[in-house]
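Student: I would like to go through this model with the definitions in hand. Each label should be justified by a value.

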Amino acid sequence: MNGAAQDTTAPLDDTSTVGLSMFEIATARWLHVEEIISLLSPETTPLSLSTSPPTAPPPSGTLLLYDRSVTRRYKADGHEWIKKRNSPKVREDHVKLRFQGAYRVAGSYVHSARTATLHRRAYRLLDVPGSTPGLTQNWVLLHYLDTMEAAQVSALFADHLAAAASKTGLAPHNRRFSGGSGS
């Protein structure tokens with residue numbers, strides 16, 4: 001920072017991510033439920049199934065797809081995660097995510113023990129009432145994101161999109177403002 005008035009760019013939103021790949025979006029923010037479902041669906045996923053845990057800790061923005069029945073130790077990623085109190089087990093926070101009014105995705109979140117802004121989210125599809133369980137019920141999507149890095153990447157993408165919009169004469173989706181939190 002140069003001491004001048006601080007400009008802040010709003011985070012990427014649905015309209016500002018048009019034209020970005022799922023991999024670029026994953027470096028800038030957490031995925032939305034529709035994007036998660038798309039990545040966990042064999043017809044639409046650009047990811048290939050990984051058969052072994054990573055050999056080095058995955059960096060922020062990494063997306064990995066596993067079949068839990070094939071790769072049992074998919075969470076053995078080399079990162080040190082916060083443990084439960086008085087236990088050697090990793091503390092996981094669980095959530096169910098809705099899509100079109102129904103619970104469709106189960107997620108678990110873990111937090112890094114070394115870097116406060118690094119997190120891993122694991123997602124899997126839930127059974128839809130009335131449907132037959134399929135192959136994807138064993139699939140799990142891992143998303144690693146350092147929220148500090150993601151904010152910087154998001155600002156870079158927003159600046160790039162604003163510059164492209166100004167060249168084409170279109171108004172940018174993200175407005176720049178001076179100071180404040182933007183909330």
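Student: Which strands form the open sheet, and in what order?

Tutor: This is a predicted model, where local features need pLDDT of at least 70, side-chain atom pairs count only at pLDDT 80 or more, and totals for chains, interfaces and linings use all residues. Residues are numbered from 1 along each chain as its sequence is written, and side-chain values use heavy atoms, with hydrogens and water left out. Six strands make up the open sheet, ordered β2-β3-β7-β6-β5-β4, with mixed pairing. Its edge strands are β2 (49–50) and β4 (93–99), each paired on one side only.

Student: What makes a run of residues a strand here?

Tutor: DSSP decides: strands are E runs of at least two residues, helices are H or I runs of at least four, and both are numbered from the N terminus.

Student: How do you know that β3 and β6 pair with β7?

Tutor: Two strands pair if DSSP finds at least two bridges between them. Strand β3 (residues 63–67) is joined to β7 by five bridges, antiparallel. Strand β6 (residues 118–125) has six bridges to β7, also antiparallel. Both counts satisfy the definition, so both are pairs.

Student: Which residues stand opposite each other in these pairs?

Tutor: On the β3 side, Tyr-66 faces Val-140 of β7, and Leu-64 has Leu-142 as its bridge partner. On the β6 side, Arg-120 is matched with Tyr-144 of β7.

Student: Why is β7 called largely enclosed?

Tutor: Buried means under 20% relative accessible area, exposed over 50%, and partly exposed in between (1.4 Å probe, protein chains only). Eight of the eight residues of β7 (residues 139–146) are buried, so the rest of the structure largely encloses this strand.

Student: What are the two sides of β7 made of?

Tutor: One side holds Trp-139, Leu-141, His-143 and Leu-145, and the other holds Val-140, Leu-142, Tyr-144 and Asp-146. Both faces are covered. In a regular strand, side chains alternate between the two faces of the sheet.

Student: Why is Ser-108 called buried?

Tutor: Its relative accessibility is 8%. The limit is under 20%, so Ser-108 counts as buried. Ser-108 belongs to strand β5 (residues 102–111).

Student: Which residues does Ser-108 contact, beyond four places in sequence?

Tutor: Contact means heavy atoms within 4.5 Å. Ser-108 touches Glu-92, Asp-93, His-94, Arg-120, Arg-121 and Ala-122.

Student: What makes Lys-75 and Glu-92 a salt bridge?

Tutor: The definition asks for a side-chain nitrogen of Lys or Arg within 4 Å of a carboxyl oxygen of Asp or Glu. Lys-75 and Glu-92 have an N to O distance of 2.6 Å, so they qualify. Both residues lie in the loop between β3 and β4, 17 residues apart. Lys-75 is partly exposed at 31% relative accessibility. Glu-92 is partly exposed too, at 21%.

Student: How many salt bridges does the whole structure hold?

Tutor: Five. Another one of them joins Arg-114 to Glu-80, with the closest N and O atoms 2.9 Å apart. Arg-114 is in the loop between β5 and β6 and Glu-80 in the loop between β3 and β4, so this pair ties together parts 34 residues apart in sequence. Asp-93 and Arg-91 also form a salt bridge, at 3.6 Å.

Student: Is Arg-114 exposed or buried?

Tutor: Its 69% relative accessibility is over 50%, so Arg-114 counts as exposed. Glu-80, at 39%, is partly exposed.

Student: How do you know that a charge sits over the ring of Tyr-109?

Tutor: The test takes NZ of Lys or CZ of Arg, within 6 Å of the ring centre and within 35 degrees of the ring normal. The charged end of Arg-121 sits over the Tyr-109 ring, 4.1 Å from its centre. Arg-98 likewise lies over the face of Tyr-103, at 4.3 Å from the ring centre.

Student: Which elements have the lowest and highest mean pLDDT?

Tutor: pLDDT is the predictor's confidence in each residue, from 0 to 100. Strand β1 (residues 7–9) has the lowest mean, 34, and β4 the highest, 96. Over residues 1–17 the pLDDT is below 50. Residues 172–183 also stay under 50. For the protein, the mean is 79, and 70% of residues reach 70 or more.
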